Amino acid sequence: MEPIVDLAPGADDNALAIRFAETVRERLRADPKRDHDFRALRASVFVVAQDTGEAITLRFDHGRLTVHDGALGMPTVTFCGDAAALMLLFELPLLPWLRLPGRLPFQSAGREAWHDVRTLLRRGDLKIYGMVAHPRTVTRLVRLFSKHR
């Protein structure tokens, strides 16, 4: 069965919703191994781009993603930052083993993205609420979002 990524009514006017939906579709097509993480996710993820004022809710339900405009329900995890900071999540590379986000010490690919994300998290320009309470969900999300090596 093909993974389903839908835009809810009203979300087709939100540029952030369209970018997230298209990128998730692209990542699922590029790497069939991501399908396991996609089907395992059952969560509500709130994403807020502070600089543009856009907000979306990603509702994952075991193989189906519906992207809603604005806040919907109580989120499991919240990503909050500027739009550019949120888009950096799509640039993180995956390690070849364990499919964890990261980079090998001798690799230059992904070094800038990791450095930028760490700096943004440290400064508080990118916040991930629920990371400690739901580490498996955050790991699966970052695995789903990250760039294929």
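In this predicted model, the side chain of Arg27 makes a polar contact with the side chain of Glu26, at 3.0 Å. The side chain of Arg27 also reaches the backbone oxygen of Phe145, again at 3.0 Å. Arg27 belongs to helix 1, which runs over residues 15-30. Although arginine carries a polar side chain, Arg27 counts as buried here, because its relative accessibility is 10% and the cut-off for buried is under 20%. Setting aside residues up to four places away in sequence, Arg27 touches Arg34, Phe90, Leu144, Phe145, Ser146 and Lys147.

Helix 1 itself is worth a closer look. At its start, a side-chain oxygen of Asn14 comes to within 2.9 Å of the backbone nitrogen of Leu16. The length of the helix can be checked with simple arithmetic: at 1.5 Å a residue, its 16 residues should span 22 Å, and the end C-alpha atoms are indeed 22 Å apart, so the two values agree. The buried residues of helix 1 are Leu16, Ala17, Phe20, Ala21, Thr23, Val24, Arg27 and Leu28. These residues cover an arc of only 165 degrees around the axis, and therefore sit on the same side of helix 1. Arg29 and Ala30, by contrast, are exposed on the other side of the helix.

The buried side of helix 1 leads naturally to the aromatic residues. Searching the whole structure gives 5 aromatic pairs. In one of them, the ring centres of Phe20 and Phe90 are 4.9 Å apart and the planes meet at 65 degrees, so the pair is edge-to-face. This pair links distant parts of the chain, since Phe20 is in helix 1 while Phe90 is in the loop between helix 3 (83-87) and helix 4 (111-123), 70 residues apart. Both partners are buried: Phe20 has a relative accessible area of 1%, and Phe90 one of 4%. Phe20 forms an edge-to-face pair with Phe145 as well, at 5.6 Å centre to centre and with 85 degrees between the planes. Because Phe20 lies in helix 1 and Phe145 in helix 5 (residues 135-145), this pair ties together parts that are 125 residues apart in sequence. Phe145, like Phe20, is buried. Ring pairs join Phe20, Phe79, Phe90 and Phe145 into a cluster. Phe145 thus appears twice in this account, as a ring partner of Phe20 and as the residue whose backbone oxygen is reached by Arg27.

Some of these aromatic residues also feature in the nonpolar core. The largest such core has 39 residues, and those with the most contacts inside it are Phe20, Val47, Leu58, Phe60 and Phe79. Helix 1 supplies the largest share of this core, 6 residues. In soluble globular proteins, nonpolar side chains tend to be buried together. Leu58 gives a view of the surroundings: beyond its neighbours within four places in sequence, Leu58 is in contact with Phe20, Ala43, Ser44, Val45, Val47, Leu65, Thr66, Val67 and Phe145.

A final detail concerns the backbone at His62. This residue is placed in the loop between strand 3 (54-61) and strand 4 (64-69). Phi of His62 is near 45 degrees, a positive value in a residue other than glycine. His62 is partly exposed, because its relative accessible area is 47% and the exposed class begins over 50%.

Definitions and conventions. Residues are numbered from 1 along each chain as its sequence is written. This is a predicted model: local features need pLDDT of at least 70, side-chain atom pairs count only at pLDDT 80 or more; totals for chains, interfaces and linings use all residues. Side-chain values use heavy atoms; hydrogens and water are left out. Helices (H or I, at least four residues) and strands (E, at least two) are DSSP runs, numbered from the N terminus. Buried means under 20% relative accessible area, exposed over 50%, partly exposed in between (1.4 Å probe, protein chains only). A polar contact is a pair of N or O atoms within 3.5 Å; within protein, one must be able to donate a hydrogen and the other to accept it, and residues adjacent in sequence count only if both atoms are side-chain atoms. Contact means heavy atoms within 4.5 Å. A nonpolar core is a set of buried Ala, Val, Leu, Ile, Met, Phe, Trp, Tyr and Cys residues joined through side-chain atoms within 4.5 Å. The expected span of a helix is 1.5 Å times one less than its number of residues. The arc is that of the directions from the helix axis to the C-beta atoms. Rings of Phe, Tyr and Trp (its six-membered ring) pair if their centres lie within 6.5 Å; planes under 30 degrees apart count as stacked, over 60 as edge-to-face and the rest as tilted.
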